[in-house]
Amino acid sequence: MRAPPIPTLLALLLLSGLAPFAMADSWHPIKPEDLALKQGRVDSDADAEAIEWEIEESDEWSGEKIKSSETQYRRVKVFTARGRDAFSRVDIVYSKGTRLEGIAARTIRPDGSVIAVRKDAIMERTAAKGAGVKDRIVSLAMPGVEPGCIVEYRWTRVHYDQPTHNVRVTLQLDIPVQEIRFLIHPLPIPSPEFRMQIRAFNFHMPPFSEEGPGVRSLVLHSMRAFKKESFAPPDLSLRPWIAIYYSTEDEYPLENFWRGVGKATYQRSAEITRASGEVKRMTQAALKGVTGEDLIVERLIDYCRARIRNIDLSDSGVTADERDWLQSEHPAADHMKRGLSDSNGLLKVSLSMATAAGLDARLALVPDQYLTLIAVVDDATKQVLYAELTETGESTAAVLTALRAVLTTWGLPMALYTDRAHWAAHTPVAGGAADRTKPTQVGRALAHLGIEHILGYSPQARGRSERMNGTLQGRLVNELRVAGITTVAAANRYLREGFLPAFNAEFRRPATDPTSAFVPLGRVDLEQILCHQDARVVARDNTVVLDGVVLQLAKQPGRRSCAGLHVVVRRHLDGRHSVWLGSRRLGLYDPRGRTLTPAAA
């Protein structure tokens, strides 16, 4: 499920219920090179990039109570007009029972002059997340933000009588981050057996360093922006994050952690399943004459598909007013009356209608159940050349893996036709033309191989591939269910050995021109082409960083140091990394950045 859109504004008032606004002067020093920065160091195409992001989780005794706090500090460099628009207002979200303290913010101009945020530029509002679930949001109107400025802000969330236990801390933003510094200050407890524990998810966690009495820290570098994809697994399956908990066990059982997460999710989502009077009336009309749970579920699914348009499936023809409307939260009844929603809104509709129909409908977190079928079809014959179910969504790596299989089996095609997904093209404006001057990793690989990349721009142009996807999905899901297949490995084996041969035998058609347009691959090193590739400058300590993985270069023959060299860093499809200076490989590393072989020419 994608992140909720901007909540509906229910109330607006001056910031009076919070701790005093902190006109702090203890900011981190400003570096001249950051003021002069013209483009991102992590992503040169970024509209804005965080130079620093610091998170501190702290537990301490306040009299007989436990005081828990989370302090965040962010320094963001703005590069473009879109970045300016994104950071002209900063929102800080907090929930019931939490208090905000130490709020401070300022804008730093390229010449180094500073504009502090005034007290009257800070507003607080109550926002509904849906059906009675509310959050509080503090909005900071950042003054004088223009491309080239630095936006800097910080705050502390505080609550009492509950330690930082079973807490999730996300370590990836929607913009790139040059450096993340994460600090923990566990609660001083006499019993050494009961202590704060940390577990990392979706990234390799470096060792903590001692910062001072009771304080430990870790540092991550060059974290890329999080890109939300349609039909991607839940964020917790993709973003790097840390679980914090107290335990007497060195290895806290995962099921205990997820049991707490599941309970919290159910309690929070209970309101979403509640059906209003309008939903009940519309559900009753939709189910007229239908009895039996199975038939009711089928009718509800048919209703949602036929009567409610999901823009996450296709946003073609959506007006500007409709897009604006979807930026706010709305109850299920409003989506039903308008016949328009995104995936989040459709979830509300389906849950509330199921409840209105008397079904036991619940929201569940099942990240391992979200699979994506990557398929490659020969346009001339309708033959499916490749099909594979993947748990990583429609990712660049999954697409490059499919390309490798097609190229090694069939050869080089004349052209590849795709939609304009994030892996296929850089599209600055939603629904607009792709920027061909900024190729994606897939686009770069296709250009290197001399394969023409054709992008689809209309529903009619995408219709053929979408019809094929619909046919594959409809047949494959049913066949897997009938066969009793429940694992990804078994499903892919069934795809290769049973489904595809039968499917191609039924649907393959002779080509108009029997001469194959595929060209033999020849002596091409696909490993160096079908990969994630980025340019880097070697740091003074002879390291380069790719998506948080630090790669240490060994001493090279004939060089005292590699510092300052412009190199190419590649992450291969098997997870290994390599660093190249022209055609010379300087190092080969495992997925965690550990050297695999000595530097080789």
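Lysine 382 sits in the loop that links strand S18 (372-377) to strand S19 (384-390). In this predicted model, its backbone does something a little out of the ordinary: phi is positive, at about 65 degrees, even though the residue is not a glycine. As a rule, most residues other than glycine have a negative phi. Lysine 382 is partly exposed, and its relative accessible area comes to 30%.

A second case turns up further along the chain. Asparagine 542, again not a glycine, has a positive phi near 60 degrees. This residue also belongs to a loop, the one between strand S22 (532-537) and strand S23 (543-546). Is asparagine 542 buried or exposed? With a relative accessibility of 16%, asparagine 542 counts as buried, whereas lysine 382 is partly exposed.

Stepping back to the whole protein, the model holds 12 helices and 28 strands. Of its 601 residues, 43% count as buried. Looking just at contacts with a separation of 6 or more, 72% of them join residues 24 or more positions apart.

Among the helices, H5 makes a handy example to look at in detail. Helix H5 covers residues 293-307, which is 15 residues, and spans 21 Å from its first C-alpha to its last, close to the 21 Å expected at 1.5 Å a residue. Which residues of H5 are buried? They are Ile296, Leu300, Tyr303 and Cys304. Looking down the axis of H5, these buried residues fall within an arc of 95 degrees, so they line one face of the helix. The general background is simple enough: an α-helix has 3.6 residues a turn, so residues three or four places apart point the same way. On the other side of H5, the exposed residues are Asp294, Arg305 and Ala306.

As for what covers the buried residues of H5, the list includes helix H4 (277-286), helix H7 (332-338) and helix H8 (343-356). Of these partners, H8 is the one followed up here. The axes of H5 and H8 lie 11 Å apart, and the two helices pack at an angle of about 150 degrees. Angles over 145 degrees count as roughly antiparallel, and H5 and H8 are therefore roughly antiparallel to each other. Their crossing is right-handed. On the H5 side, the contact is made by Leu300, Tyr303 and Cys304, which also appear among the buried residues of that helix. H8 brings Leu346, Val349, Ser350, Met353 and Ala354 to the contact.

Conventions: Residues numbered from 1 in each chain as written. Predicted model: local features only at pLDDT ≥ 70, side-chain atom pairs only at ≥ 80, totals over all residues. Heavy atoms only, no water. Helix = DSSP H or I, 4+ residues; strand = E, 2+ residues; numbered from the N terminus. Expected span 1.5 Å × (residues − 1). Buried < 20%, exposed > 50% of the residue type's maximum accessible area, 1.4 Å probe, protein only. Arc of directions from axis to C-beta. Contact = heavy atoms within 4.5 Å. Axes fitted to C-alpha atoms, helices over the stretch in contact; angles between N-to-C directions. Parallel < 35°, antiparallel > 145°, perpendicular 65-115°, else oblique. Left-handed = near helix turned anticlockwise from the far one by under 90°.
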